[in-house]
Amino acid sequence: MFKRIFQLWIFFAVGTLLSAQEAPSTVRINFSVFPLGPGDWSGLYYSPVGDPRSSVEEIFFNPHERTMGYCYSGPAEMHFYREWVDAEGALAYRTIATADLLPTNEDRILFFQPSPEQTKRFKVDVMIETPDSFPDQSIVFYNTTNVPFFGKLGSQHVELRPGISDPIDVSPYFEEPAPIALVVNDGKKLRKVLMNKLRFSPQRRTLFILRPPKEAGSLRIRSQRLTEFTGPRESINQNNI
């Protein structure tokens with residue numbers, strides 16, 4: 001009898017553990033979006049609760065700055081949709097992109113770009129946005145290529161692997177522009193891919209996006225700078241007087 005009870009206890013304990021492991025993780029985040037390059041960015045939706053049968057909200061994109069103010073509470077695999085009409089003529093929502101979110105509650109920046117996968121219309125990259133990962137008076141590089149770059153920003157050596165870099169303090173460069181020089185190793189020698197000078201100001205932070213060359217065979221990568229004001233709102237009003 002005791003052996004039978006023990007077996008039943010083990011069965012239910014294992015079942016409970018497996019159910020807990022299979023249950024999808026839930027995240028609760030605020031997020032912003034930004035499009036990487038040209039594309040058809042209209043008519044893109046998400047569900048704030050992770051279920052399009054309950055509610056959907058359209059996402060809007062600005063090619064010059066992040067679009068903010070979105071909230072999400074749902075599974076860690078976040079889905080994005082477009083409207084379509086099913087076989088019965090009813091309005092439905094079809095998944096055209098997904099974003100894998102860590103089961104944490106920090107704010108996120110979601111970067112959208114056309115996907116090379118035929119099963120998805122867009123590829124979504126995720127950046128965690130916290131005072132540590134994207135602080136005031138810093139620059140963060142986002143290398144969207146598949147090769148690493150090496151070089152200098154001002155007097156600092158930088159190594160920019162594909163993806164999001166750690167933040168770099170730019171307060172030493174408030175007085176004079178900081179030269180930036182990046183190279184790539186083509187297997188034979190180092191080749192220049194970017195030369196420029198960047199100006200920085202207090203109460204601002206910069207996201208610097210590195211993109212592949214516009215033309216095949218070119219070594220000149222493209223870049224886009226997003227600078228955001230981080231000071232109090234009244235400072236903006238005073239500067240505009």
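**A first walk through the chain**

Let me begin with how the chain folds back on itself: among the contacts with a separation of 6 or more, 57% are accounted for by residues 24 or more positions apart. Please keep in mind throughout that what we are looking at is a predicted model. The chain contains 2 helices and 17 strands, and of its 241 residues, 34% count as buried. As for the outside, the accessible surface of the chain comes to about 14900 Å², and carbon and sulfur atoms hold 53% of that area.

I turn now to the interior. The largest nonpolar core has 22 residues, and those that touch the most other members are Phe31, Met78, Phe80, Leu110 and Phe112. At least two residues of this core come from each of β1 (26–35), β2 (44–46), β4 (67–75), β5 (77–85), β6 (91–100), β7 (107–114) and β8 (122–129), and β1 gives the most, with 4 residues. If you would like to follow one member by eye, take Leu110, which, once its neighbours within four places in sequence are left aside, is in contact with residues including Phe31, Val33, Met78, Phe80, Leu101, Val124 and Val126. There is also a second, separate core, made of 20 residues, and among them are Phe141, Tyr173, Val193 and Ile221.

Next, a pair of strands. Strand β14, residues 178–185, pairs with strand β15, residues 190–198, in the antiparallel sense over 8 bridges, and within that pairing Val184 stands opposite Arg191 in β15. The two strands, β14 and β15, form a hairpin with 4 residues between them, and in the turn Gly187 has a positive phi of about 100°.

Finally, I would like to spend a moment on a single residue, Pro213, which is found in the loop between β16 (204–211) and β17 (222–229). Is Pro213 buried, exposed or partly exposed? Its relative accessible area is 27%, and because buried means under 20% and exposed means over 50%, Pro213 counts as partly exposed. Which residues does Pro213 contact when its neighbours within four places in sequence are left aside? The answer is Ser218, Leu219, Arg220, Ile221 and Arg222, and you will recognise Ile221 from the second core. Pro213 can also be placed relative to Thr145, which lies 68 residues away along the chain, with 9.3 Å separating the C-alpha atoms of the two.

How values were computed
Residues numbered from 1 in each chain as written. Predicted model: local features only at pLDDT ≥ 70, side-chain atom pairs only at ≥ 80, totals over all residues. Heavy atoms only, no water. Buried < 20%, exposed > 50% of the residue type's maximum accessible area, 1.4 Å probe, protein only. Contact = heavy atoms within 4.5 Å. Areas by Shrake-Rupley, 256 points an atom, 1.4 Å probe, with all protein chains shown as cover. Core = buried A, V, L, I, M, F, W, Y, C linked by side-chain atoms within 4.5 Å. Pairing = 2+ DSSP bridges.
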